[in-house]
Amino acid sequence: MSGTRIRVDGRTVYVGNGSGHPDTDAESVVFVHGAGMDHTVWALPARYFARQGLRVAAVDLPGHGRSEGPPFDCIDAMAVWLGEALDALAIPTAAVAGHSMGSLVAYRFASTMPHRCRALALLGTSAPMPVTDPLLNAAKDNHHAAIDMANTWSHSTGTLGSNANPGVWMLGVGERLLERSAPGVFHADLTACNTFDAESAGAMIQCPVLVIAGDDDMMTPARAGLDVAQALPDARVVRLEGCGHAMLNERPNEVLDALIGVVPT
Amino acid sequence: MADDEHRGPRPTGFDTLALHAGQRPDAATGARATPIYQSASFVFPDSDFAVGLFNIERAGHVYSRLSNPTNAVLEERISALEHGVAAIAVASGQAAMHLAVSTICSAGDHIVASRSLYGGTHNLLQYTLPRFGIETTFVDPRSPAAFEAAIRDNTRLVFGEILGNPGLEVLDVPTVAAVAHDADLPLLVDSTFATPYLCKPIDLGADLVFHSATKFLSGHGIVIGGLVIDGGTFDWEASGKFPTLTEPYEGFHDLVFAEEFGPQAFIVRARREGLRDFGACMSPTTAFHVLQGLETLPIRMDKHVANTREVVAFLEAHEAVESVSYPELPSHPDHDLSARLLPKGAGAVFSFEIKGGRDAGRTFIEDLSIFSHLANVGDAKSLVIHPASTTHHRMDAEALAAAGIGEGLVRLSIGLEDPDDLIGDLSRALRRATRAPR
């Protein structure tokens, strides 16, 4: 079933629904992708929760996937935008899951609008989320080296083999997704990550939180994810041994099992 | 910062990918080699997980027609080697071609194809697919303008072989891909003769690639198999011409593949429809044999090419040989293109015309002792065939001429033997063939 196209701030926004047919009073789950990605990284969990009867909203952030640009270069602006998108979708409250940059958007959304967030899942997270100068500079020049850096560092060193998804070369998928980004989008995303100011906003988050950390994550080391969890009042951590940053590709079943534990159904 | 100052991580090398991509030591047993999972089905942990596998919510295996752990290693490995996003292993090269076509073409659609094709592919396009409403226009593979001119409103695919069969026309992939993309169409390339070691069509602009894995990929003439690789590069939605990928599919609960799976749209539909419904799956034992071949592909292809160069040089200088067609020769029309697209070598299959026509050709083939007379290429052993009487026997004289096939044309597939022994075998047979009464 086709996703939904809504208007937010006068721009078209695409929202994937996992092929669901939810009841009008169904609980909602929102998925927010990472830098340079789009909603398709959530394909499997989106389809799972849609089958459970939840209303799924896997958004394409502005400038990503099928949503019109320009992109934001600030996490706070993305979080405000997410609230407006959920208004347009008539979703008052939801469980919110974010990966990488999307985890920061979810984190900020939950801390600034805690009444709208029923549960929070932070995958591959870090607060702050510093980005190295070589990656930022290459992305600024729209150079393919930025894609190579992000894609290589997003996968564990063992990802030469054994994808759980039959026949899928996950490094190839990551590269193609990043290549689909319009010029400037990836740099805007990385700038947003690099300038994110966590401060003590976590104290505002009252809902149950799940942090999923990959022990071989080179982009947001597991230690950073544990620090995020420790600063929150009600956080649980799932550590994935041998898993890198691209955990939705590397460990789709374990990630879904963890999400099932936190998303109200 | 200057553009050329950016440095990404060094990518994993081809030889390493050929050995490791897609596989880790078996978690249960520690087996270093890829186990052959000779099982039709796989046990579900619970009912909800089972539904999740069927509904593409979970990763894993259900039934070996749809996927199998041994095949998955092969599929992942060839995807890595071809620089694609995903692949499907199927029963033969013909099944691979059929899966690619049937995933995006329907009755009423049209294909533009090179006219220099493997005979089986020609049969599929010329005779069989029209029965199902899919027509093909065949064009000169050396003329991108001919590809462009043949494109119609209902064209859905542009297709060619990286090295044409049997004339070894080199497909100008970057130019033909640009022609296809200008018309919002994908380019499919049969890269069987090159293998990803010699050429990666996706890096040159192709969107889909297929192989007969029977040939150099497995490399020992012991299995029949095919592989389809999705480059993940084509924008099916922007094209607007591919409803199988961009509109709800009733056969899978109104799934819109391009929307939910982005760069994997083609390969997910191919697995969830084509493999499911047509069922031309590869056996896991075959996948194991192809994997064994891939592990030595780089060193085998270097030896295949080196031997071929020696044999080509011998034949070109031989008085009983009318002409030799190999893209690395300055006399070949695609010499420069071959050097650009196939810098490591133009493969190990080539053809030559023996003086004396059909009778001399027949005598020559029958007098060879190391070369085997059979219908295959890409074996570790050297092979020979007479296309006009075998692989292309269904083509009439006019069609043969159009495909550049002379009646005395002999095709060789050079193996891994000592090159001096191959040359000795050819020398003896040529001598007898040219002495024989005609």
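Is helix 14 of chain B mostly covered or mostly uncovered? Keep that in mind while you load things up; we'll get there after a look at the whole model.

**Before you click**

This is a predicted model, so local features need pLDDT of at least 70 and side-chain atom pairs count only at pLDDT 80 or more, while totals for chains, interfaces and linings use all residues. Residues are numbered from 1 along each chain as its sequence is written, and chains are lettered from A and ligands numbered from 1 in the order in which they are written.

**Stop 1: chain B as a whole**

Select chain B and switch to cartoon. You should find 19 helices and 12 strands; helices (H or I, at least four residues) and strands (E, at least two) are DSSP runs, numbered from the N terminus. The radius of gyration of chain B is 22 Å, close to the 22 Å from the globule rule for 438 residues, so chain B is as compact as a globular protein of that length. That radius is taken over C-alpha atoms, and the rule is 2.2 Å times the number of residues to the power 0.38. Rotate onto the principal axes and the C-alpha trace of chain B covers about 75 × 55 × 55 Å.

Colour by burial next: 54% of the 438 residues of chain B count as buried. Here buried means 20 or more other C-beta atoms within 10 Å of the residue's own, exposed means 12 or fewer, and partly exposed is in between, with C-beta atoms placed from the backbone. As for contacts (C-beta atoms, placed from the backbone, within 7 Å), 73% of those in chain B with a separation of 6 or more are between residues 24 or more positions apart.

**Stop 2: two domains in chain B**

Colour 10-294 as domain 1 and 297-435 as domain 2 of chain B; these bounds come from an automatic or database domain assignment. Their C-alpha centres lie 29 Å apart. Where they touch, 32 residues of domain 1 meet 36 residues of domain 2. On the domain 1 side, helix 1, helix 5 (119-128), helix 8 (195-198) and helix 14 of chain B each supply at least two residues. That side divides into 16 nonpolar, 10 polar and 6 charged residues. The classes work like this: Ala, Val, Leu, Ile, Met, Phe, Trp, Tyr, Cys and Pro count as nonpolar, Asp, Glu, Lys and Arg as charged, and the others, Gly among them, as polar.

**Stop 3: helix 14 of chain B**

Now select 284-295 in chain B, and back to the opening question: helix 14 is mostly covered, with 9 of its 12 residues buried. Among the buried ones are B:Phe288, B:His289 and B:Leu291. What does the covering? Helix 1 (14-20), helix 3 (69-82), strand 1 (86-90) and helix 15 (297-316) of chain B are included. Try a distance check too: the end C-alpha atoms of helix 14 of chain B are 17 Å apart, which agrees with the 16 Å expected for 12 residues (1.5 Å times one less than the number of residues).

**Stop 4: a loop residue**

Zoom to B:Asp140, in the loop between strand 3 (135-139) and helix 6 (144-150) of chain B. B:Asp140 has 15 C-beta neighbours inside 10 Å, so it counts as partly exposed. Beyond its neighbours within four places in sequence, B:Asp140 is in contact with B:Arg115 and B:Ala146. Draw a C-alpha distance from B:Asp140 to B:Ser114, 26 residues apart along the chain, and you get 5.9 Å.

**Stop 5: where the chains meet**

Show both chains. How many residues of chain B are in contact with chain A? There are 46, facing 37 residues of chain A. Helix 3, strand 1 and helix 12 (257-261) of chain B are the elements giving two or more residues to the chain B side, and helix 3 gives the most, with 5. By class, that side has 17 nonpolar, 19 polar and 10 charged residues.

**Stop 6: chain A and its hairpin**

Hide chain B. Chain A has 10 helices and 8 strands, and 62% of its 265 residues count as buried. Its C-alpha trace spans about 45 × 40 × 40 Å along the principal axes.

Finish on strand 1 (residues 4-8) and strand 2 (residues 11-16) of chain A, which run antiparallel and are joined by 5 bridges; pairing takes at least two DSSP bridges. A:Arg7 has A:Thr12 as its bridge partner. The hairpin has 2 residues between the strands, and A:Asp9 takes a positive phi near 55° there. Strand 2 of chain A also runs antiparallel to strand 4 (residues 55-59), with 2 bridges, and A:Gly16 stands opposite A:Ala58.

Terms used. Two residues are in contact if their C-beta atoms, placed from the backbone, lie within 7 Å.
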